[in-house]
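Trainee: I've got a protein to look at and no idea where to begin. Could you go through it with me, one question at a time?

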Amino acid sequence: MKTKKNFGRKLVGLALAVLMVLSVSPMSVLSAFAAENTQLPELSATIDTGAVVALKDADGDGFYDIGNADELYAFAALVNGGNNKINAELTADIVVNQGIMTENTANARVWTPIGEGYEKKFHGQLDGNNKTISGLYYNEPEIDYAGLFNTIGSGAVVKNLTIENSFFQGSFYVGGIAAASWNGTVRNCVNKATLKGSSYIGGIVGNNGGNVRNCANLVDLNDSYSYIGGITGCNTEGVVIENCFNTGDINGHGMLGGISGYNNSGSVNSGRLRTRIVNCFNTGNIDSNYGDYVGGIVGKYQGGAS
């Protein structure tokens, strides 16, 4: 037993010596290991029903778990209350209202888009884990910004998510995933929600100043005015739309495109960042009431080539 104890002491001493040679504190290594496996603190929010709902990070991966509608509403309340850098992940399909939402749906649980306004835009991550959110209902034809998210900002990532059987209506800026994106990223998302509004309507993002990759819109976009696209309604300069497609028909007055209604490409000569639309396709019919700026991919293209 004495020999085994000595051997154990020598092994520990050797390990500590190696750490010292590498100029790494043994306690810092232990602390880093513990930090990687520490659950986030529980956060609570009061939701639309008046209930107080807690969000937890059960597996300690740095993402709060969303497994039902109340937890989704708590996440929205937390972000809109100022916690706009938190990360969350879906752990199950979420059903907010049963059935297919329409403009005439009565007595539905009403949704409040996440990331209200420029000052409270979302900067965290939402990982859908290839789950579906269905039955969202937002019907405010006189108010701008309608969608799962109001606005996502720099560093924000929304991914691996499908929205279906939902209804979003606003005035300007309507999108199945986000009404607006400013340097955010949306990838691997599918829209099957009905979208209505005046202008800047996109199956994925309404007014887009970020990147959209591997996304699809599978529903018709009708009865809107202008800046309407299967993926984005309008792109600012310097964005990337890649590996996306639209199968929905699009109808409106002008600035209509299967991928984007309007695209500001930027210009190398002016020093502005170039926009890229890469490996995208559209199979939907694009129909303008006036014939102004209509295209299978982009309605109006401002700048260089895609």
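Trainee: Okay, in what order do the five strands of the open sheet come?

Mentor: Keep in mind that this is a predicted model. Five strands make up an open sheet, and their pairing is parallel. Going across, the order is 10-12-15-19-23.

Trainee: Which are the edge strands?

Mentor: Look for strands that pair on one side only. From one strand to the next, by the way, the twist averages 30°. The edge strands are strand 10 (172-175) and strand 23 (286-295).

Trainee: Let's walk inward from strand 10. Which residue in strand 12 is the bridge partner of Val 174?

Mentor: Strand 10 and strand 12 run parallel and are joined by three bridges. Strands of a sheet pair through backbone hydrogen bonds, either parallel or antiparallel. For Val 174, the bridge partner in strand 12 is Ile 201.

Trainee: And on to the next strand: which residue in strand 15 stands opposite Ile 201?

Mentor: Strand 12 (residues 199-202) runs parallel to strand 15 (residues 226-229), with three bridges between them. Ser 199 has Ser 226 as its bridge partner in strand 15. Opposite Ile 201, you'll find Ile 228.

Trainee: One more step, then. Which residue in strand 19 stands opposite Gly 229?

Mentor: Strand 15 pairs with strand 19 (residues 250-257) in the parallel sense, over three bridges. Find Gly 229 and look across to strand 19: the residue opposite is Gly 257.

Trainee: Now for Gly 299. Does it count as buried or exposed?

Mentor: Gly 299 sits in strand 24 (residues 298-303). Leaving aside neighbours within four places in sequence, its contacts include Met 255, Leu 256 and Gly 257. Its relative accessibility is 13%, and buried means under 20%, so Gly 299 counts as buried.

Trainee: How far apart in space are Gly 299 and Ser 226?

Mentor: Along the sequence, Gly 299 and Ser 226 are 73 residues apart. You already met Ser 226 as the bridge partner of Ser 199. Going C-alpha to C-alpha, Gly 299 and Ser 226 are separated in space by 9.8 Å.

Trainee: Which side chain makes a polar contact with the side chain of Asn 263?

Mentor: Asn 263 is in strand 20 (residues 260-266). At 0% relative accessibility, Asn 263 counts as buried. Beyond its neighbours within four places in sequence, Asn 263 touches several residues, including Asn 235, Thr 275 and Lys 300. The polar contact, at 3.3 Å, is with the side chain of Tyr 301.

Trainee: What about the greasy parts: which residues have the most contacts inside the largest nonpolar core?

Mentor: In soluble globular proteins, nonpolar side chains tend to be buried together. The largest nonpolar core here has 60 residues, and helix 3 (residues 69-80) gives the most to this core, with eight residues. A second, separate core of six residues includes Met 255 and Tyr 262. Inside the largest core, the residues with the most contacts are Phe 75, Leu 148 and Phe 168.

Trainee: What is the phi of Asn 165?

Mentor: Most residues other than glycine have a negative phi, and most peptide bonds are trans. Asn 165 lies in strand 9 (residues 157-169) and, at 29% relative accessibility, counts as partly exposed. Although Asn 165 is not a glycine, its phi is positive, about 50°.

Trainee: And where does Asn 214 lie?

Mentor: Asn 214 is another non-glycine with a positive phi, about 55°. Its relative accessible area is 35%, so Asn 214 is partly exposed. Its place is the loop between strand 13 (205-213) and strand 14 (216-217).

Trainee: Let's zoom out. How many helices and strands are in the secondary structure?

Mentor: We've used strand numbers such as strand 24 for residues 298-303, and helix 3 for residues 69-80. Overall, the protein comes to three helices and 24 strands.

Trainee: Last one: what share of the residues count as buried?

Mentor: The protein exposes about 14,100 Å², and carbon and sulfur atoms supply 51% of that. Among contacts with a separation of 6 or more, 77% come from residues 24 or more positions apart. Of the 306 residues, the share that counts as buried is 49%.

How values were computed: Residues numbered from 1 in each chain as written. Predicted model: local features only at pLDDT ≥ 70, side-chain atom pairs only at ≥ 80, totals over all residues. Heavy atoms only, no water. Helix = DSSP H or I, 4+ residues; strand = E, 2+ residues; numbered from the N terminus. Buried < 20%, exposed > 50% of the residue type's maximum accessible area, 1.4 Å probe, protein only. Contact = heavy atoms within 4.5 Å. Pairing = 2+ DSSP bridges. Areas by Shrake-Rupley, 256 points an atom, 1.4 Å probe, with all protein chains shown as cover. Polar contact = N/O pair within 3.5 Å; in protein donor to acceptor, adjacent residues only side chain to side chain. Core = buried A, V, L, I, M, F, W, Y, C linked by side-chain atoms within 4.5 Å. Axes fitted to C-alpha atoms, helices over the stretch in contact; angles between N-to-C directions.
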